[in-house]
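Student: Please take a close look at one part of this model, the loops where the backbone does something out of the ordinary run, and then connect that part with the rest of the fold. I would like one continuous account rather than a list.

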Amino acid sequence: MTKPSLPDLLHAAVSAVGGTERPGQVAMAEAVAEAIDDNSHLLVQAGTGTGKSLGYLVPALAQGERVVVATATLALQRQLVERDLPRTVDALHPQLRRRPQFAMLKGRSNYLCLHRLHEGVPQDEEEGLFDPFEAAAPTSKLGQDLMRLRDWSDETETGDRDDLTPGVSDRAWAQVSVSSRECLGASKCAYGAECFAEAARERAKLADVVVTNHALLAIDAIEGAPVLPEHEVLIVDEAHELVSRVTGVATGELTPGQVNRAVRRSAKLVDEKIADQLQTAAEGFERVMELALPGRLEEIPEDLAYALMALRDAARAVITALGSTRDRSVQDEDAVRKQAMASVETVHGVAERITQGSEYDVVWYERHEPRGGAAYRHSGASLRVAPLSVSGLLREKLFTERSVVLASATLKLGGDFNGVGASLGLAPEGTTGDDLPVWKGIDVGSPFDYPRQGILYVAKHLSRPARDGDRGDMLDELTELMQAAGGRTLGLFSSMRAAQQAAEELRTRVPELPILLQGEDTLGELIKNFAADPKTCLFGTLSLWQGVDVPGPSCQLVVMDKIPFPRPDDPLMSARQKAVEEAGGNGFMAVAATHAALLMAQGAGRLVRATGDRGVVAVLDPRLATARYGSYLKASLPDFWYTTDRNQVRKSLAAIDAASKAASV
């Protein structure tokens, strides 16, 4: 029997999902198939509208080996499992003569825990467990959420939090879920045979394609205990997010509240002397943290070092005692003990990591002001530790055992893939040598005609943004642009404070244009309301840049208030920049400019989402036109027609607005 050709398979899949074949999609599918055949690695930039999920799914399904697909966002996971995979598998079945199975796998805390639901939650202050369903007033929001969860537990097949609509609060979910460290294990748990998380793992073991998220992929790589089934091909979608997700998983944190929780959870399970030792260490740590000033700790101060060593030693003593004592008077002792052990192990792990003082770690204090701006004391100082770089970890754990495909609309920065490649632990493209992963980068373009569909406008006449300086001229410019566009504006700001100030000011200046602000409703509701009314504008911060997909006339002006460099006092970014400089490189370009380029490319990508879209990306920061690094940042953006002429842009926006109004009549 002849093997079906890749173009035939792709054609069948594209027809099944009601799409149109694009030259970029064909080029991508061929490059993915080649990387899998050669057991090499591929970085592929596929612009919006390419149909990249089919560009990697079809060659991956055709080769017949097990594939893991890791994505950054819930929306894409759902799209793959609910839409793209079922239709693609059906379409390819006649030609492949087999029906590949697929499954979704997430971290344990994403699944409802039947033990928690039926037996209650270990109580911090008292022995045993308490029943959250009895403790919460039935009329309260928490009580209502918990009753819905109890009803849902009888009908759900997956127990996956994301299948519950509408969702419930994090507080309610915490009452019915466990982390992997808190889990009793299927063999010890009375509900092991019915466990949703275990069932998801079993489905994943039998599947040909496992869809997961970046965080679980990072846990699988870092913690050494495999969570994902063995696989021959790894596809990382939204790969521009991978380094920050892996960094997040590899970051440890200690707070006084967290340490006190560990004390309370373990106190009743170990003898008084050992419990007192941890209590005393916790008090010492809390005293040090009360005086903590935000910023990087290049050396650990003596008082902190002493407090951490006391915590580490006391936590180790509690862990040993927890493992060897039993107290049958405690209700459901195994669950109570497991939760206590998880809390104390986390404290021990972070305290030990910081006291060991690896040159590859960055340690800093952070302070979170309480909501409402009350005084500091319990505002939550935290001590954090993160890897200076995750590139070595990724090179070793990701690129050795399997073929890896990394796909995103933004991987090529400043004209090549080497910047992103370096952050992933890859040597510059084409470098050969022992133990160096072999990879290539390919940009398959976009089906959109960017120079005709969009304008990149840089407001060169504005003053340079100074940190926390008054930007009255920027707000004047923003007002005029929004009026010319007739609303239709997505405002992307470098900080939440800047977004709030702009929304407050513009609501007064242009009351005829409704302005929605991130944080005033859920992101889903904000986007829905923004898309529904062309006059409406939506203001938000960096986190919005990834999640907005509003094709059509509701989004015809995307504004960035300034180039989104990391804050100069960001401890991790400044440490990474310094390390590059000490190694003889250009720290600013390698870290700050790369960070800004990635975010700007993502932000600019919000404008053109369909072939009929027209509009303007306006950057209200003259440095994009005047600074030496401006050309690097511009080369990372879609190839829009470029101008600094403010009158030209106002005319263009007014014309686009008029055309949209005429089309909607």
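**The loops and their surroundings**

Tutor: Proline 166 sits in the loop between helix H7 (141-155) and helix H8 (170-174), in what is a predicted model. The peptide bond leading from threonine 165 into proline 166 is cis, its omega being near -10°.

Two further loops deserve attention for their phi angles. Asparagine 39 is placed in the loop between helix H2 (23-38) and strand S1 (41-45), and its phi is near 55°, a positive value in a residue other than glycine. Arginine 488, for its part, lies in the loop between helix H19 (472-485) and strand S15 (489-492), and although arginine 488 is not a glycine, its phi is positive at about 50°. Despite its loop position, arginine 488 counts as buried, because its relative accessible area is 4%, under the 20% that sets the limit.

Another loop residue brings us to the aromatic side chains, of which the structure holds 7 pairs. In one of these pairs, the rings of phenylalanine 588 and tyrosine 629 are tilted, with 5.3 Å from centre to centre and 55° between the planes. Because phenylalanine 588 belongs to helix H24 (residues 587-604) while tyrosine 629 lies in the loop between helix H25 (623-626) and helix H26 (630-635), the pair ties together parts that are 41 residues apart in sequence. The two partners do not share one class of exposure: phenylalanine 588 is partly exposed, with a relative accessible area of 26%, whereas tyrosine 629 is buried at 14%.

A second pair has another geometry. The ring centres of phenylalanine 448 and tyrosine 450 are 6.2 Å apart and their planes stand at 80°, so this pair is edge-to-face. Both phenylalanine 448 and tyrosine 450 are buried, and together with Phe640 they make up one aromatic cluster.

Phe640 also leads to valine 617, since Phe640 is among the residues that valine 617 touches once those up to four places away in sequence are set aside. The other residues on that list are Ile455, Leu456, Tyr457, Val558, Met560, Ala604 and Leu607. Valine 617 is found in strand S19 (residues 615-619) and is buried, with a relative accessible area of 1%. Between the C-alpha atoms of valine 617 and serine 53, which are 564 residues apart along the chain, the separation is 26 Å.

From strand S19 we can turn to a sheet elsewhere in the chain. There, 4 strands form an open sheet with antiparallel pairing, in the order S8-S11-S10-S9. Strand S8 (252-254) and strand S9 (295-296) are at its edges, and because each has a single partner strand, one side of each is left without a neighbour in the sheet. The partner of S9 is strand S10 (residues 361-367), and the two run antiparallel and are joined by 2 bridges. In S10, it is tyrosine 365 that serves as the bridge partner of glycine 295.

The cysteines add a negative result, for the structure holds 0 disulfides. Cysteine 113 is in no disulfide, and the nearest cysteine sulfur, that of cysteine 189, is 6.1 Å away. Cysteine 113 counts as buried, at 15% relative accessibility. The sulfur of cysteine 195 likewise has no bond, because the closest cysteine sulfur, in cysteine 183, is 6.2 Å from it, which is too far; the cut-off for a disulfide is 2.5 Å.

These local features can now be set within the whole. The secondary structure of the protein comes to 27 helices and 20 strands. Its radius of gyration is 27 Å, close to the 26 Å that the globule rule gives for 665 residues, so the protein is as compact as a globular protein of that length. Along the principal axes, the C-alpha atoms fill a box of roughly 75 × 70 × 60 Å. Of the 665 residues, 52% count as buried, and the protein exposes about 30,100 Å², with carbon and sulfur atoms supplying 49% of that area. Finally, among contacts between residues at least 6 apart in sequence, 77% join residues at least 24 apart; the pair of phenylalanine 588 and tyrosine 629 discussed above, which links parts 41 residues apart in sequence, offers a local view of how separate stretches of the chain meet.

Key
Residues numbered from 1 in each chain as written. Heavy atoms only, no water. Buried < 20%, exposed > 50% of the residue type's maximum accessible area, 1.4 Å probe, protein only. Phe/Tyr/Trp six-rings, centres within 6.5 Å; stacked < 30°, edge-to-face > 60°. Rg over C-alpha atoms; globule rule 2.2 N^0.38 Å. Contact = heavy atoms within 4.5 Å. Areas by Shrake-Rupley, 256 points an atom, 1.4 Å probe, with all protein chains shown as cover. Pairing = 2+ DSSP bridges.
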